[in-house]
Amino acid sequence: MPHSVSPEDPASPDQGAIVEEARTDNVETQDSEGTAVADNMGPIGDSQTSEDPDMTMADAGAIEEKITVKVETATEVKLEDLFADMDSDEEFPSSTGQDIKISSSPEAPASPVHIGHTSNSSDPEVMRSFYQRLFPWRYLFQWLNHSPTPSTDFGHREFAFTLQNDAYLRYQSFPTHDLLRKDVLRLMPSRFEIGPVYSTNPRDRKTLRKSTAFKPIAKELCFDIDLTDYDDIRTCCDKANICNKCWQFITMAIKVIDVALRDDFGFKHIMWVYSGRRGAHAWVCDKKARQMDDHKRRALAGYLEVIKGGAQGGKRVNIKRPLHPHVARSLDILKSHFQTDILHDQDPWETDEKFDRLLQLLPDKSLNEALRKKWNSAPGRASTAKWTDIDALAKSGMSKSLDAKALLDAKQDIVLEYTYPRLDIEVSKHLNHLLKSPFVVHPGTGRVCVPINTNHCEDFDPLSVPTVTDLLREIDEWTTPEEEKDGKAIQDWEKTSLKPYVEYFRSFVLGIMKDEKEVKVKREREENGDVMEF
């Protein structure tokens, strides 16, 4: 199954059955909506305990309106208190001052989950332990909700589950992350995707009189980069295989796209996430990005698209001169990578067949013939030397018709063709696209889809990203340091190599909530006329 799923084309050759209605043999269903039964939900907005501890998603939907009303009428949250309790073990910070009470997540098993040599990520108990003990549910909720208090930003968000039998459940939604967590633990999907926020609860879409009333209204702007799109130029690996050499294509892409989004469009909250095997996803989370319609998304994606056409489609870079500032800046970022990561590490033109591709991209026939003759006489000549040969022969005067500027332009285009990001542009064009959630486990590699710190993206090693079995083994082997024995309880993810990734994610989420809170306070002051007059 691909990294991302579009509602227009949700299937792929290896995906298996896709179901909108949860009519699968191993899925407990309610009505025909595919919504899961959430159990042991505690009281919400009510100080009295419910007589029935088991609560269906239909019941949850019925109380959603109550939740929204409570949020609107609740007391004001102080900005300085909003993040004061982030390290607590409660599901929501106690300083929110809200009436809403959310049931605590089920306690993690008291005994360690012992991981043996035969354990792997496809083991249901391994995955259950991961989702129960290590997945950062609260931070995922706050990231998508943009606030510690439940709202429609999360409650009207679509989630899609890929089950172990390859059934695909669409239009799942949850008032709180606690219910999402319980459903994941019950259904044990191999992974789940995140979709848009809809105009109404996705579970209620078939009860609407007009189908047009159900439409996506917000979603993060996303980008998807996959190393299989570089198979025509990477020489170290192909298909699903990767190594640290070809991962540099992803590093280059992150550098170029990230700076363009920040400098050219003013976006601030951009999170890059390792796909778990051979790629990376970008989530642009600024409010103005989330509210972009399809037309704006297509325009922005087109702005960033430089590489066009297939591997056999001839010249893939055709840009106008003088260079657009974005392209000129990208060349400046990529030129050092071209020398080291492309010419040296990939050696793309070592063989006759491969250097023929290079000659096709040069503009002068006489120069091409001279280069071909030279390279044929020295089989296996390194790509670094062949690149130098171009200028050496051009300056020798062997071609009377050589246009120096055309040659320079052609060399710039070659650098871009071998280094510029190759985007799966369809992922970015549509508001209603679904994309794999951060921190899920890739079913093929067992690796966790962790965020990438863009300040140190060159240090990111996909092959050292922890697997789910690594993490559970680290919990088993954990011993509390002496200096922490009398301190507060240590959460399980803090005992593992997942800790720096969760901490980075938490910091990212705090930044979003802080900015959204400040904007909300400013807007309320303006609406109330609470502005200083001079």
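In the predicted model, four strands assemble into an open sheet in the order 6-8-7-10, with antiparallel pairing. The edges of this sheet are formed by strand 6 (221-226) and strand 10 (451-452); each has a single partner strand, so one side of each is left without a neighbour in the sheet.

Strand 8 (residues 279-284) pairs with strand 7 (residues 270-274) in the antiparallel sense, and five bridges connect the two. Within this pairing, Y274 lies opposite A280 of strand 8, and W272 is placed opposite A282 of strand 8. Strands 7 and 8 form a hairpin in which four residues separate them. In the turn of this hairpin, G276 adopts a positive phi of about 100°.

Strand 8 is also joined to strand 6, with which it runs antiparallel, through six bridges. Here I225 stands opposite A280 in strand 8. A280 is thus a point of reference in both pairings, with Y274 opposite this residue as well as I225.

The burial of strand 8 was examined next. Six of the six residues of this strand are buried, so strand 8 is largely enclosed by the rest of the structure. The burial extends to both faces of the strand. On one side, G279, H281 and W283 are buried, while on the other side A280, A282 and V284 are likewise buried. The two residues of strand 8 that stand opposite Y274 and W272, namely A280 and A282, therefore belong to one covered face of a strand that is largely enclosed by the rest of the structure.

Notes. Residues numbered from 1 in each chain as written. Predicted model: local features only at pLDDT ≥ 70, side-chain atom pairs only at ≥ 80, totals over all residues. Heavy atoms only, no water. Pairing = 2+ DSSP bridges. Buried < 20%, exposed > 50% of the residue type's maximum accessible area, 1.4 Å probe, protein only.
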